[in-house]
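This report describes one protein chain for a reader who is new to structural models. Please keep the sequence and the structure in view while reading.

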Amino acid sequence: MEDAVQSHATQLGSLTSDAQLLTKSLSDDVTAMAVEVQDWPDSNALVARLTDAERELADLRRDVAKLQANLGSLSEQRTDPTRDTATQALTSEGARPLFARLGEQNRAYVMMIFSVADLSNINERFGHPVGDNVLSAFVANLRQVLKNEEIIRWTGNEFMVVVTDVALANARLLAEEVLAAFATRRLKLRGSGEWIGMVTGSAGIVVGQGADQAAALIQARAKLYRATIKGLGQVEA
């Protein structure tokens, strides 16, 4: 939203500059014609120049009207509470139906919680938009490895994936694949190409059953904490 508004503001500033240049150009043309004939300019030449100026100003007015309409539509947009704006992962609210189904079906599942390391330092050094891009890149890795699974942004730098019909040992291999693949990515700043540095994370994994999700969450976060203490890129299951 902020990027779109900034882009529109830049375009509007450019259009304003174009209009000012057009007005100055028209004034210069009229002055030049008057000097050339030592009198008021030829009426045909003046009419032609005014016609061109009128057409160009009409184009500018249409562009401005289009920008205003786009800004109006942006202001009317509402944030989807079920999706995280930065990563398009599910929010904790958006994940409620998923957990409800697990409870109703009394199904066994594997809960994986990932954390992206050093996010606060990235935000401090490069700004929150860069931090959001790093998180988006991590979610992209999750989706690449854990195909067809919903990704949940649980807290600021924590993401949860709940899978069924997957053994704990296989879930651990998948989590290790996610972290290893992400650690090899060379994340760079747009524009300058400056390398952000190696970014990785940790994961905690537990097996849960049915509606007892609160207990599974506590255990998973405890394992995530132990994995973080061990070092970057670690998985505790």
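## The central strands

In this predicted model, Val110 of β1 stands opposite Val163 in β3. On strand β4 (residues 201–209), the residue opposite Val110 is Val207. Strands here, numbered from the N terminus, are DSSP runs of E with at least two residues, and helices are runs of H or I with at least four. Two strands are said to pair if DSSP finds at least two bridges between them. Strand β1 runs antiparallel to strand β3 (residues 158–163), and six bridges join them. With β4, strand β1 pairs in the antiparallel sense over nine bridges. Another bridge partner in β3 is Val162, which faces Met111.

Strand β3 also pairs with β2, in the antiparallel sense and over two bridges. Ile152 stands opposite Met160 in this pairing, and a hairpin of four residues joins β2 to β3. In general, strands of a sheet pair through backbone hydrogen bonds, either parallel or antiparallel.

## The sheet as a whole

What is the order of the five strands in the open sheet? The order is β2-β3-β1-β4-β5, and the pairing is mixed. The edge strands are β2 and β5, since each pairs on one side only.

How well are the strands covered? A residue is called buried with under 20% relative accessible area, exposed with over 50%, and partly exposed in between (1.4 Å probe, protein chains only). In β1, eight of the nine residues are buried; in β3, six of six are. In a regular strand the side chains alternate between the two faces of the sheet. Both faces of β3 are covered: Glu158, Met160 and Val162 are buried on one side, and Phe159, Val161 and Val163 on the other.

## The chain and the confidence of the model

The chain contains seven helices and five strands. From the N terminus on, these elements run α-α-α-β-α-α-β-β-α-β-α-β. Of its 237 residues, 35% count as buried. With a contact defined as heavy atoms within 4.5 Å, residues 24 or more positions apart account for 71% of the contacts with a separation of 6 or more.

The predictor's confidence in each residue is given by pLDDT, on a scale from 0 to 100. The mean for the chain is 83, and 79% of the residues reach 70 or more. Among the elements, helix α2 (residues 43–76) has the lowest mean pLDDT, 67, and strand β2 (residues 152–153) the highest, 96. Where pLDDT is low, the predicted coordinates should not be read in detail.

Residues are numbered from 1 along each chain as its sequence is written. In this predicted model local features need pLDDT of at least 70, side-chain atom pairs count only at pLDDT 80 or more, totals for chains, interfaces and linings use all residues, and side-chain values use heavy atoms, with hydrogens and water left out.

## Salt bridges

The structure holds seven salt bridges, each a side-chain nitrogen of Lys or Arg within 4 Å of a carboxyl oxygen of Asp or Glu. One of them joins the side chains of Arg83 and Glu150, at 3.4 Å from N to O. This pair links distant parts of the chain, 67 residues apart: Arg83 lies in the loop between α2 and α3, and Glu150 in the loop between α5 (128–145) and β2. Arg83 counts as partly exposed because its relative accessibility is 25%.

Arg153 forms another salt bridge, with Asp84, the closest N and O atoms being 3.1 Å apart. Arg153 belongs to strand β2 and Asp84 to the loop between α2 and α3, 69 residues apart. Are these two residues buried or exposed? Both Arg153 and Asp84 are buried.

A further salt bridge connects Arg221 with Glu158, with the closest N and O atoms 2.9 Å apart. It links helix α7 to strand β3, across 63 residues. Glu158 has 11% relative accessibility and therefore counts as buried, whereas Arg221, at 34%, counts as partly exposed. In addition, Arg226, Lys230 and Glu236 are linked in a network of salt bridges.

## Two loop residues

Two residues other than glycine deserve a note on backbone angles. Gln88, in the loop between α2 and α3 (96–105), has a positive phi near 65 degrees. Asp118, in the loop between β1 (108–116) and α4 (119–126), has a positive phi of about 60 degrees.
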